[in-house]
Amino acid sequence: MNAKATKTQPSPVIDKAAFKAAVIKHLHCTLGTDENKANNHAWWKATCAAIQEQVLEGLRKTQKSHYLNDTRAVHYFSAEFLMGRLLSNNLQNFGLFDVAGGALKELGVEISDILEEEPDMALGNGGLGRLAACFIDSLATMELPAIGYGIHYEHGLFRQEIKSGAQIERPDSWRDYGNPWEICRPESIQEVSLYGYVETKYGENGRVLKEWHPGSIVKGVPWDIPVVGYEGKTVNVLRLWQSEASDYFNWDVFNAGGYVDAQRENVQAETISKVLYPNDETEAGKELRLIQQYFFCSCSLKDIIRRYKRAHGDDWSRFADQVVIQLNDTHPAISIPELMRILVDRAELGWDEAWGICTKVFAYTNHTLLPEALEKWPARMIEKILPRHLEIIYEINHRFMAEVDKKWPGDNAMKAKLSIIEEGNEKMVRMGHLSVIGSFAVNGVAEMHSRLVKSSLFPEFDELYPGKLTNVTNGITPRRWLKACNPGLSKLIDKKIGEDWPRDLDKLQGLAKFASNKTFQKQFMKVKLENKELLAEEIRKSLDIEVDVNAIFDVQIKRLHEYKRQHLALLNIMALYRRILENPDYDMHPRVFVFGAKAAPGYKLAKDIIFAINKVADKINNDPRVNNKIKVAFLPNYRVSLAEKMIPAADVSEQISTAGKEASGTGNMKLALNGAVTIGTLDGANVEIAEEVGDDNIFIFGLTVEEVNELKANGYNPHDYYYKDPEIKAVLDWLETDYFTPGKPGALVSIKQSLLDNGDPYMVLADFRAYSDAQIAVDAAYRDKERWAEMAIINTAKMGKFTSDRSIRDYVERVWKLSPCKIES
Ligand code: CR6
């Protein structure tokens, strides 16, 4: 067994013949078809079913070991889990990828074809949801007892189509033809109360008792997705709740009268888990969204308590030893008053004892400083949906205000500032404050972000609770984001430094000494070229655009947001185009700008930017004067499985957010890990990437956070840049003409307006020249093939820090205090 642990690749648990037999068995007995009739979809399902046998065996053993060892576990509460596809991941983690490929080949099927059959499980918007997916991968790999809790959305993030350059949203139906991984657990159904009113009663000794008479009750049905760790020993679970109408009729409310009519206005049970809100970094403020949050938190807490009680009965004294709950942003913050309600109203603990438990159980991760993303709920809305919770929030706040008064006596301004309740025309509940107050640890997601959380978002909380605010820099799983998505590079690395880097990513450091070795450089760049050929094929298939694989592949993939500044990249592309038109001999290495981005459906300017990129692309790609020096490809429907194709092929990684705005970023880590060189600002985790790779192996440009603030304070005026820099002026004015939108002048003007009339909130113009110059430096560097190869290799070699295993290790040490649990076979 130890021999296996020091060994590198997971050893296959079954051989090719057995795998083949399992696939055939499932084709016959699970799918009711046979080898002659089966299409790729059936082959995919049969292959999933074959590996699922191993998965479920691992799951059973894991759950038994965790139960027998009465393990302390982390419960990762997240409204989003962006899992992507699972087949190739599960095969890889069991060491069965080649076995399965061989078995299928003998059956006349290409594994690469059937992998494409799997719909992405896109139950998340972007970075935050994908981070949760990477974390549960690492937790299982590190044999830590953990469970992910979230929502079983019927429709994940919308599918993006591009029609005449514009984004169209189509529903995502990832489960339409069944999902082979999930297991329904009707035995663990929970009931969740909503609406209604609170009755105050008096118990023995005059104890005030609160009884919530709900106006409706919904059922939460759990679906379990097994999460397989690398080498397949620990198989944890992601438990997602689906809402259903409850068969329980609420006589209580019925008898109270009047509520039957009011019910009609209430949200219908089935709609709760229907759809993922497609907003990234904006708070929706909708009643249904709050209900979604409460729904999954309440189900999950009850599930945790049921499990705890099975082992410890009504003895609450060990609850905080066994349970830690990580709140992934404030989306699950309503868990704090919910646990208080359960402890005080149901278990009848005293307030102080209950609060003592709560504040040892919860920890909170902040993922943004953007004001529009900091959740606030109207007190009236909470009162309507969760009347008892509002009372509890007021009580928490009342006691907290006393603490504030002790620290800053008589300082009412301080009280107003720190209060959970924001006073105003409409009273609002600040979920961030509630989370900080109710948690024992609060972390930001990159060094710089955590510093800003302390210094500008929550400075007084930092003073009040010294040591509570900390940092855990984000990470990514190298199993998915190198081993599985880039087999060419993985095999080259295996040969060079051995095969244990997927578990111990610092081992990649061993590549650094070959960075200037000509032979290795050639091998490394050959893999990159092969990956570029695959992406070129994808671009041809999807967009009918021919791209030159010898061009620089410049990749910007992330949600579309002004702060991420895809429009800065666009202005530079237009400037390059203009330079070529003015001077046909303009000297540049050919470049392919590849974009992938979804815009929130209600975010007008973001959609306008997508439209503009596509219109500019049309023009440039079809203009013979450009002579193929520039191509622009906007690949529709960016998602995990598309990222897996784009990232291995990137030469340049665009990370160009306004300094101070991107909390961390994780795409930056994935691209660098696959040998792309970053052009970026000193923002989020870029700062730490720069520290790792060194200034010579990254292109840093633009204003720093301090400079951004200073410029803002001194009155930033984008017109200064417009009038001072003729290229900026020309490019912005170009947007107003009908050059890119023949017959429709002004179709792209909103971008110019946002950058001039609307004050350029993300300082695109202030950074334009620095960015454009940095791109010229990239161009020059790329022409020196050996130098570029060296940079690319160093980027891969120095990414050890950014494995999500390291993030999890940090959480375990700084926050969760967990121990691994060996799984007995
Ligand atoms: N949008 C941050 O913006 C970070 C991820 C994960 C984000 C991004 O910089 O890498 O979280 N924030 O920590 C939120 O979702 C609120 C994101 O994905």
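**Close-up views of the predicted model**

**Figure 1. Surroundings of Lys-670 in helix H26.** Helix H26, which spans residues 667-673, contains Lys-670. The model shown here and in the following views is predicted. In UniProt, an unreviewed entry lists Lys-670 under "modified residue: N6-(pyridoxal phosphate)lysine". The relative accessible area of Lys-670 is 7%; because this value is under the 20% cut-off, Lys-670 counts as buried. Apart from neighbours within four places in sequence, the residues in contact with Lys-670 are Arg-130, Ile-476, Trp-481 and Ile-647.

**Figure 2. The ligand and its surrounding residues.** The ligand is surrounded by 15 residues, of which Glu-281, His-367, Asn-474, Glu-662 and Gly-665 are the closest. Polar backbone atoms face oxygen atoms of the ligand at two residues: one of Leu-128 at 2.9 Å, and one of Ser-664 at 3.0 Å. A side chain takes part as well, with a polar atom of Asp-280 lying 3.5 Å from a ligand nitrogen atom. On its own, the ligand has 400 Å² of accessible area, and the protein covers 95% of this.

**Figure 3. Glu-338 in helix H12.** Helix H12 comprises residues 335-346 and includes Glu-338. Glu-338 is buried, because its relative accessibility is 0%. When neighbours within four places in sequence are left aside, Glu-338 is in contact with Tyr-294, Ser-298, Leu-301, Lys-302 and His-389.

**Figure 4. Packing of the buried residues of helix H18.** Within helix H18 (residues 447-457), the buried residues are Met-448, His-449, Ser-450, Leu-452 and Val-453. These buried residues pack against two strands, E18 (441-444) and E19 (469-471), and against three helices, H19 (459-464), H27 (686-693) and H28 (705-713). In an α-helix, residues three or four places apart point the same way, because there are 3.6 residues a turn.

**Figure 5. The open sheet of strands E15, E17 and E16.** Three antiparallel strands make up this open sheet, in the order E15-E17-E16. The edges are formed by strand E15 (376-378) and strand E16 (421-422); each has a single partner strand, so one side of each lacks a neighbour in the sheet. Strand E17 (residues 428-430) runs antiparallel to E16 and is joined to E16 by two bridges. One bridge partner in E17 is Met-428, which is paired with Glu-422.

Methods: Residues are numbered from 1 along each chain as its sequence is written. This is a predicted model: local features need pLDDT of at least 70, side-chain atom pairs count only at pLDDT 80 or more; totals for chains, interfaces and linings use all residues. Side-chain values use heavy atoms; hydrogens and water are left out. Two strands pair if DSSP finds at least two bridges between them. Helices (H or I, at least four residues) and strands (E, at least two) are DSSP runs, numbered from the N terminus. Buried means under 20% relative accessible area, exposed over 50%, partly exposed in between (1.4 Å probe, protein chains only). Contact means heavy atoms within 4.5 Å. A residue is near a molecule or strand if one of its heavy atoms lies within 4 Å of it. A polar contact is a pair of N or O atoms within 3.5 Å; within protein, one must be able to donate a hydrogen and the other to accept it, and residues adjacent in sequence count only if both atoms are side-chain atoms. Accessible areas come from the Shrake-Rupley method with a 1.4 Å probe; for residues, only the protein chains shown count as cover. UniProt positions are given in the numbering used here, feature names are shortened, and annotations may be inferred rather than shown by experiment.
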